[in-house]
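Open your viewer and get ready to select chains, helices and single residues. We will go from stop to stop, and at each one you will hear what to pick and what is there.

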There are 4 protein chains.
Amino acid sequence: MGASGYVGGELLRILLFHPKVGVTCATSRRYAGDYLHHVHPNLRGITDLKFMEQKPEDMVDRCDLVFSALPHGSAVKAIPYYVERGMKVIDLSADFRLKNPEDYQKWYGYEHPHPNLIERFVYGLPELHREEIKNSSLVACPGCMAIASILALAPLVKGNIIEKERIVVDVKIGSSGAGVTPSPATHHANRFGVVRPYKPVGHRHTAEIEQELNSIGESKVKVAMSSHAVNMVRGILSTCHTFTLRPLAIPDLWKLYRGSYQKEPFIRLVRDRKGLYKLPDPKIVIGTNYCDVGFEVDEHVNRVVAFSAIDNLVRGAAGTAVQNMNIMLGIDEKTGLESPGLYPV
Amino acid sequence: MGASGYVGGELLRILLFHPKVGVTCATSRRYAGDYLHHVHPNLRGITDLKFMEQKPEDMVDRCDLVFSALPHGSAVKAIPYYVERGMKVIDLSADFRLKNPEDYQKWYGYEHPHPNLIERFVYGLPELHREEIKNSSLVACPGCMAIASILALAPLVKGNIIEKERIVVDVKIGSSGAGVTPSPATHHANRFGVVRPYKPVGHRHTAEIEQELNSIGESKVKVAMSSHAVNMVRGILSTCHTFTLRPLAIPDLWKLYRGSYQKEPFIRLVRDRKGLYKLPDPKIVIGTNYCDVGFEVDEHVNRVVAFSAIDNLVRGAAGTAVQNMNIMLGIDEKTGLESPGLYPV
Amino acid sequence: MGASGYVGGELLRILLFHPKVGVTCATSRRYAGDYLHHVHPNLRGITDLKFMEQKPEDMVDRCDLVFSALPHGSAVKAIPYYVERGMKVIDLSADFRLKNPEDYQKWYGYEHPHPNLIERFVYGLPELHREEIKNSSLVACPGCMAIASILALAPLVKGNIIEKERIVVDVKIGSSGAGVTPSPATHHANRFGVVRPYKPVGHRHTAEIEQELNSIGESKVKVAMSSHAVNMVRGILSTCHTFTLRPLAIPDLWKLYRGSYQKEPFIRLVRDRKGLYKLPDPKIVIGTNYCDVGFEVDEHVNRVVAFSAIDNLVRGAAGTAVQNMNIMLGIDEKTGLESPGLYPV
Amino acid sequence: MGASGYVGGELLRILLFHPKVGVTCATSRRYAGDYLHHVHPNLRGITDLKFMEQKPEDMVDRCDLVFSALPHGSAVKAIPYYVERGMKVIDLSADFRLKNPEDYQKWYGYEHPHPNLIERFVYGLPELHREEIKNSSLVACPGCMAIASILALAPLVKGNIIEKERIVVDVKIGSSGAGVTPSPATHHANRFGVVRPYKPVGHRHTAEIEQELNSIGESKVKVAMSSHAVNMVRGILSTCHTFTLRPLAIPDLWKLYRGSYQKEPFIRLVRDRKGLYKLPDPKIVIGTNYCDVGFEVDEHVNRVVAFSAIDNLVRGAAGTAVQNMNIMLGIDEKTGLESPGLYPV
């Protein structure tokens, strides 16, 4: 559902080549009847599928699992129908991410119409909730900046080595994060070459970052988040500045991060001594499901800077969604997601 | 051989995921002993292979087929050893592309040391030479701009409908075409935002474009080629302006182009009535082996403008090389090359 | 009039620092009442002027000269009022550029409502019409691609050395040429990194290029024009491919171009033997009123390639408009326009 | 001296149009004898000046004031000669910025050869040291990131309202900051589209930021600085995350920032309620001497985020240098520096 946006396009791209599932329908109110490739030009010659109207009864007949790439507020209206009929649902909006129903009012400005459904959804970050995902049929995929920031910070929070209320998350994101709808903010002549502080405080992903980090540490965190639009299409770099409770050295950090991630198929620890790519850079993960995570120690101020880089449309959305699907269906988690990315691009 | 450049990196990326072949060695004089991912950061976590020195005897033992991504002038020295030992060779340099030995002096400034070897190499453009490739063990892959331009022009030349000495080929190319070696010309602050006419006349690919077009038409063509560096990393758009001998309409062109390409797995005809992507654009083929070809008729001056868009490192080099390998080995031509590309990117 | 667009903004930027004129009003229907800098953020701290509604009577009182940056179709409705009242008018739309009233139907799809006014407007390209501009109070500024292409081609046409019906004009332009209105075509994620053939045939500027070149040569020209959107905000490179009637050498071209332009304050001949900037590149003229013109000879096919680079918003619009104003007012032509541009940018 | 780099080029661009001074010589070891415009192509047609060797005696004869754009380590060797002869010197390297001679060893890895000269140089940030600059003939211009960060933070430090050891400075910078020398890091194909954490800890400008902030606040600050390379040529955005000692509101910040800067000719406070450019963005200051400063309050964590945007080559180097010159010479501080910048660019 909602297959005509950028995230919908990425889901289709991945699923059309997935060896274990088939795409039976792709809905779009606006483009119903059009070929997919009119909207997603990379799919030209790949499929003859057309967009269709969202007809719930039809979809129940034709699908075992629904991905919803509808915007928040719309997803929460469409999804209960499928839940009631026992279908598997993977939602990419924010509508089922936050566990506390009151948080929807606070961060998204609406009262949640189905608070009882919330607890049935698992927060779909495999690195934190793999077992729950495996046993669930309802998954709420995390926000793109949340994925990057949680994965960078989790080992530090888990290790109880940082000041929990002095966590600065400084995010840089490409223009695809704004979706497909043109606006003055995304107009090429206005958007090209910017470093625009577009959400300096109050970013909604703060809520889920704190929710998830609070679930793994001993004490409560507070996250000071600011996001910037930069001159690229895809990619997020999350720079997480933290102050350590005691002096730390690089080997300590290797231990923490390896301890958390060494078996993770989609996390690469990137912290070399030299080279252009000794730390994470979104340029290197474009088109992939990897989250590259790195870190550095600042002895001058007892700081640890943790970096994570993702493709906001893949690891930040469609890729993680498919990873969740694989886990739910008992398929090898990497299926359909093994692309190594292009270099240079 | 020559695996540390951008084309070498793309070959490795494709071959490491190719289900029917294995990579047994990757040579680089400069990086021998280093992990591949130190040079090709997208391969981090994908392979533990290291670069090795080029040791011909070793390679003969370990390989059935050699790709050479050495620069022209070096390839011609390294390759005969393998030819003599009966290995399959796919060369990505210019050293065996031109059939007339004298052309090397004219266009590349050196006397060809092995003129007798030239005729044993097939010009590796499957759309023109598939049968010869199938029966050969030596292939010279075309130049990137040549691939794009030949594929755009071939149906027009074959159809004998254009003035053969008034063919203008205006090429726009990204910075990866310049290779990995930094220079003032490729320095980001100098190179960003340019539309730089970097080879306004005398481009070397002119020679192979004329050679190939001459092999399919009735009379001799002359190509007026100019190339421009534009602000992107990957991609070529070749805009081919031709003047028609008689007025033509769009259906005539559909007939010509469909006649040439309708069974081709890696050519997509892109000429819609509307939409942002109604004509070829390199943005849409980044990371793919597609050559998107389109055309337009200018009634004002009896002109046909033919467009082709490729990824210079894939369709323009490593992808076509693997396509040639598949054909030589009798494997399905699309194997390892099915990626649809990313949108947007 | 029409001061809230990109061209309007550039006019304001230049005029606010012009030592001989003052800006008394800037109109915008949409932003009336707003500070200029809310729309043109570079003017923050420069002026406290606000946009006002277009009130013709008021303007007659307050202004001696009106610049119209209204779109075509609107300009032709607004301007007659001021003409009738004897004001000087410099129009930046297409509404008075074409001398043949029937051309408006053909190229712009409307019947010209004031054909009698057309001949009173001078085509405002100083290099071709300086004396007429000096003696006129009504000027129609040329289109941006027309300026670049005419200036590149005029010496060749004047010299009667090229085939007049085999002139290929291949234009590359930045996104600011599309104006301020967001659309899917200008959406950063869609527009970034493209080489999009957006007007492969039938570009409207063809009409004025032919009109002007016909006025200087002995025989009639036909122009085969195609335009491409490339990944930058400002700038045009016009690559003009021409076939010569007889073999020519570089000194012949120097003679032609110097003969036409050596006293021109805003044309620089750029054709060095070496260096990164040996030929025109829009990167070098961003923010300036220069048109850089260069050329190359292709002995292989008796071709001359002429290049011209301009900033589409300055030399292609606001700068030429002010140059015209200076000429009309008897002010030194360079006044307010001497900025050398930034390097690198 | 050192006139062939990007900063040298900007100095020449500004000084060649400065109404009160003349450029008598521009030195470059590498390009001696070449026209300036061979290196700085924007100066073509502007000047016939050539680079010359640095001949100290000559320069003493021909100049009253020397700008040194030599790299650190070289400047400190060249400058004493001119100081001894009583010339005015404005140095753009780091060699005289730090007041504590030991800091050169710590941050730059060399022992300062002329520690006695250090105290004679004023730290050339007019907003902090205008009176001293006026009375001095020796000025050390600040580093580009230091200028941006100090100007963003100074009012907060002066106001004693933030935690002094929890100051995070997250900088984003364009490629021109890396200078003119090509390297793999600046190679377009490698550098395009990055968000590269290139100096995550230990950036040298930390030293001067702390030095200057310590000189204005009551207690000692510690700065936690990280810098990122982003995809643009010019510009710096410094995002300064600070934690306040007590809850603050926007009017409190307006009071602090206005108190510090309201008479400053080159600081614009940018903090609107709406609009694309409601906070500083380097895109808007390209080519200008402005430092745009803005701020936001985060009630969630008692944070103030301060932003500053500059053009690293103008306000971050050549522009501030000329501003210092104007102050030293008793000329109106804005002379030669009034360009409002281009929009869009």
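Start by colouring chains C and D of this predicted model. In the contact region, 27 residues of chain D meet 27 residues of chain C. Which helix of chain D gives the most to the side that touches chain C? Select residues 6–16 of chain D: this is helix 1, and with three residues it is the top contributor to that side. Now colour the chain D side by residue class, and you should find 14 nonpolar, nine polar and four charged residues.

Keep both chains on screen and superpose them. A turn of 180° with a shift of 0.0 Å along the axis lays chain D on chain C, with an RMSD of 0.0 Å. Such a relation is that of a two-fold axis. The two copies use the same surface, since 100% of the contact residues of chain D recur in chain C.

**Next stop: chains A and D**

Hide chain C and show chain A beside chain D. Here 43 residues of chain A are in contact with 44 residues of chain D. Several elements of chain A each supply at least two residues to the side that touches chain D, among them strand 7 (167–173), helix 9 (188–191), strand 9 (223–230) and strand 13 (303–310). By class, the chain A side holds 22 nonpolar, 10 polar and 11 charged residues.

Try the superposition again with this pair. Chain A can be laid on chain D by a turn of 180° and a shift of 0.0 Å along the axis, with an RMSD of 0.0 Å. Which residue of chain A has its C-alpha nearest the axis? Click on Asn231(A), whose C-alpha is 2.8 Å from the axis. Once more the same surface serves both copies: 100% of the contact residues of chain A recur in chain D.

**Inside chain A**

Now show chain A alone and colour its domains. The domain assignment gives domain 1 as 6–120 and domain 2 as 144–310. Taken over C-alpha atoms, the centres of these two domains of chain A are 27 Å apart. Eight residues of domain 1 are in contact with seven residues of domain 2 in this chain. Select residues 102–108 of chain A to see helix 5, which gives the most to the domain 1 side, with three residues. That side of domain 1 has five nonpolar, no polar and three charged residues.

**A bent helix in chain B**

Move to chain B and select residues 314–329, which form helix 13. How far does this helix span between its end C-alpha atoms? A straight helix of 16 residues would span 22 Å, but helix 13 of chain B spans only 19 Å. Look along helix 13 for the bend of about 40° at Thr320(B). Is helix 13 of chain B mostly covered or uncovered? It is mostly covered, with 15 of its 16 residues buried. Just after helix 13, click on Gly330(B), which takes a positive phi of about 75°.

**Last stop: Ile46(D)**

Return to chain D and zoom in on Ile46(D), in the loop between helix 2 (36–39) and strand 2 (51–52). Why does Ile46(D) count as buried? Ile46(D) counts as buried because it has 21 C-beta neighbours inside 10 Å, and the cut-off for buried is 20 or more. Beyond its neighbours within four places in sequence, Ile46(D) is in contact with Leu16(D) and with Pro340(C). To finish, draw a distance from Ile46(D) to Val230(D): these residues are 184 apart in sequence and 32 Å apart in space, C-alpha to C-alpha.

Technical notes: Residues are numbered from 1 along each chain as its sequence is written. Chains are lettered from A and ligands numbered from 1 in the order in which they are written. This is a predicted model: local features need pLDDT of at least 70, side-chain atom pairs count only at pLDDT 80 or more; totals for chains, interfaces and linings use all residues. Helices (H or I, at least four residues) and strands (E, at least two) are DSSP runs, numbered from the N terminus. Ala, Val, Leu, Ile, Met, Phe, Trp, Tyr, Cys and Pro count as nonpolar, Asp, Glu, Lys and Arg as charged, and the others, Gly among them, as polar. Copies are superposed by least squares on the C-alpha atoms of residues with pLDDT of at least 70 in both. The expected span of a helix is 1.5 Å times one less than its number of residues. The bend at a residue is the angle between axes fitted to the seven residues ending there and the seven starting there. A residue is buried if 20 or more other C-beta atoms lie within 10 Å of its own, exposed if 12 or fewer, and partly exposed in between; C-beta atoms are placed from the backbone. Domain bounds come from an automatic or database domain assignment.
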